[in-house]
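Hi everyone, thanks for making time today. Please take a look at the structure on the screen, and I'll walk you through a few parts of it.

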Amino acid sequence: ADILPASALPTFNSHAIESALHHIDGLAEHFVYFNDDMAIARPVRPELFFTPNGLAKVFQSGARVEGAENEHSLAVDTGARRGRQLLEDRFGRVVTGKPYHAPYPLRRSTMERMETEFGDIVATTAHSRFRSSTDLSIAASFGGHYGIAVADSIIGDISTEYVHVESGRLQWHLDRIRLSGRFDTFCVNETMAGMPGAADREERIAEFFESMFPIPAPWERSAP
């Protein structure tokens, strides 16, 4: 309610919420957006996310934006396609890759400029109560690529690990993060509900997080 118009509420769409992050009262010009499945794996410095002169870094993966969409396309993929088309129409540049599913460094002024320039589709996304093929993936994808187009961002490097909760190598991935010390960030992402063995996976993941972060942050709630 603090960042979205009343006409967009209630919402159940992360794309809609992401479209208005730059409206958070008191938000710094330079900020880093984490999804709820991302975490820092080792001590990092601000220079991981921003250059000394304030440019935001975009962490490109090797994954490609889908070339075509159909009735089975996910909203995250159609959102990337929407963004690619907008940037091609506006700047004559074609985005081929997706960012890593890792923390997203962003600039508030860049997001405000983007909202001014693409107000209609930002408003459409903000008013989409559930994920939709008309959404634009603003903070997690489009914002970074738009920043590159207007010279507010550059391509950066990050050491990150992406873990599917349902992976048959779940424990190997968790141990790799915990023991190697080589990763800046990581993501533990559940992509398929109802898979067998959920109780075992939850126990392994709980043990992993207790090992990685044994000291609760001051704002964490106590266990019930």
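How many bridges join strand 8 to strand 9, and do these strands run parallel or antiparallel? There are 5 bridges, and strand 8 and strand 9 run parallel. One pairing to look for is Val163 with its bridge partner Val188 in strand 9.

A quick word on where this comes from. This is a predicted model, where local features need pLDDT of at least 70 and side-chain atom pairs count only at pLDDT 80 or more, while totals for chains, interfaces and linings use all residues. Residues are numbered from 1 along each chain as its sequence is written, and side-chain values use heavy atoms, with hydrogens and water left out. Helices (H or I, at least four residues) and strands (E, at least two) are DSSP runs, numbered from the N terminus.

Back to our sheet. It is open, with 3 strands in the order 2-9-8 and mixed pairing; two strands pair if DSSP finds at least two bridges between them. Strand 2 (38–40) and strand 8 stand at the edges with a single partner strand each, so one side of each has no neighbour in the sheet.

Helix 6 packs on this sheet, touching strand 8 and strand 9 (contact means heavy atoms within 4.5 Å), and its direction makes about 155° with that of strand 8. Those angles run from 0 to 180 degrees between N-to-C directions, with axes fitted to C-alpha atoms, for helices over the stretch in contact.

Which residues of helix 6 are buried? They are Leu170, His173, Leu174 and Ile177, where buried means under 20% relative accessible area, exposed over 50% and partly exposed in between, using a 1.4 Å probe and protein chains only. Seen down the helix 6 axis, they fall within an arc of 95°, so they line one face of the helix; the arc is taken from the directions from the helix axis to the C-beta atoms. Their cover includes strand 8 (160–164), strand 9 (185–189) and helix 7 (198–212). After helix 6 comes Gly181, with a positive phi near 70°.

Now for two spots elsewhere. Leu9 and Pro10 are joined by a cis peptide bond, with omega about -5°, and Pro10 lies in the segment before helix 1 (14–18). Ala151 sits in the loop between helix 5 and strand 7 (153–155). Ala151 is not a glycine, yet its phi is positive, about 65°, and at 55% relative accessibility Ala151 counts as exposed.
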